[in-house]
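This report walks through one protein model, beginning with its overall architecture and ending with a few individual residues.

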Amino acid sequence: MRNFENLRIWQDSQLICREIYNLFASSKDFGLKDQIQRASVSISNNIAEGCESGSDKLFARYLQIAKGSCAEVKSMLYLSEDLGYCNKPQGDELRNKINQIIFGIQKMLSYLNG
């Protein structure tokens, strides 16, 4: 039986979510703030939900959704840089961390699809 709390990809996605929340804590752009925060939460939530789904096929599906949420956050980080809400080094650091999550998700998908 899997336990999502033990998955490195879930742990790392929780850290990213906290970093996104902290980065946008004082933002007055409520639309972008809400969207990027919800997308970051979606990463870990889909990993957790898929892990607890009881089937490798469903888990793989949720992991694909989590990967899509990673791409959404990365895309919004570029926009955030363009709008001056974060600087390039901040955006690069977060995107690198998200890329590591994507890599971990892909490894898990390869394992599940064996």
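## Fold and overall dimensions

The model is predicted, and in it the protein has four helices and zero strands, so that the order of elements from the N terminus reads α-α-α-α.

For 114 residues, a compact globule would be expected to have a radius of gyration near 13 Å, and the 14 Å found for the protein agrees with that expectation. The C-alpha trace spans about 45 × 20 × 20 Å along its principal axes. Among the contacts with a separation of 6 or more, 70% are made by residues that lie 24 or more positions apart.

## Surface and charge

The accessible surface of the protein amounts to about 6,500 Å², and carbon and sulfur atoms contribute 51% of it, while 42% of the 114 residues count as buried. The side chains include 14 positive and 13 negative ones, and the centres of these two sets are 3 Å apart.

## The nonpolar core

In soluble globular proteins, nonpolar side chains tend to be buried together. Here the largest nonpolar core comprises 30 residues, and those with the most contacts inside it are Leu7, Ile20, Ile47, Leu63, Val73 and Ile105. At least two residues of this core come from each of helix 1 (8-23), helix 2 (30-51), helix 3 (56-82) and helix 4 (88-113).

Ile20 serves as an example of the surroundings of one such residue: when neighbours within four places in sequence are left aside, Ile20 is in contact with Ile36, Gln37, Ser40, Val73, Leu77 and Leu94.

## Two serines in their settings

Which residues does Ser69 touch, not counting those up to four places away in sequence? Ser69 has its place in helix 3, and the residues in question are Ala39, Ser42 and Ile43. Because the threshold for burial is a relative accessible area under 20%, Ser69, with a relative accessibility of 6%, counts as buried.

Ser53, by contrast, is found in the loop between helix 2 and helix 3. The relative accessible area of Ser53 is 26%, so this residue is classed as partly exposed, a category that lies between the limits of 20% for buried and 50% for exposed. With neighbours within four places in sequence set aside, Ser53 is in contact with Leu58 and Phe59. The C-alpha atom of Ser53 is separated by 9.9 Å from that of Arg2, although the two residues are 51 residues apart along the chain.

Notes:
Residues are numbered from 1 along each chain as its sequence is written. This is a predicted model: local features need pLDDT of at least 70, side-chain atom pairs count only at pLDDT 80 or more; totals for chains, interfaces and linings use all residues. Side-chain values use heavy atoms; hydrogens and water are left out. The radius of gyration is taken over C-alpha atoms; the globule rule is 2.2 Å times the number of residues to the power 0.38. Buried means under 20% relative accessible area, exposed over 50%, partly exposed in between (1.4 Å probe, protein chains only). Contact means heavy atoms within 4.5 Å. Accessible areas come from the Shrake-Rupley method with a 1.4 Å probe; for residues, only the protein chains shown count as cover. Lys and Arg count as positive and Asp and Glu as negative; His and the chain ends are not counted. The place of a charge is taken as NZ of Lys, CZ of Arg, CG of Asp or CD of Glu. A nonpolar core is a set of buried Ala, Val, Leu, Ile, Met, Phe, Trp, Tyr and Cys residues joined through side-chain atoms within 4.5 Å.
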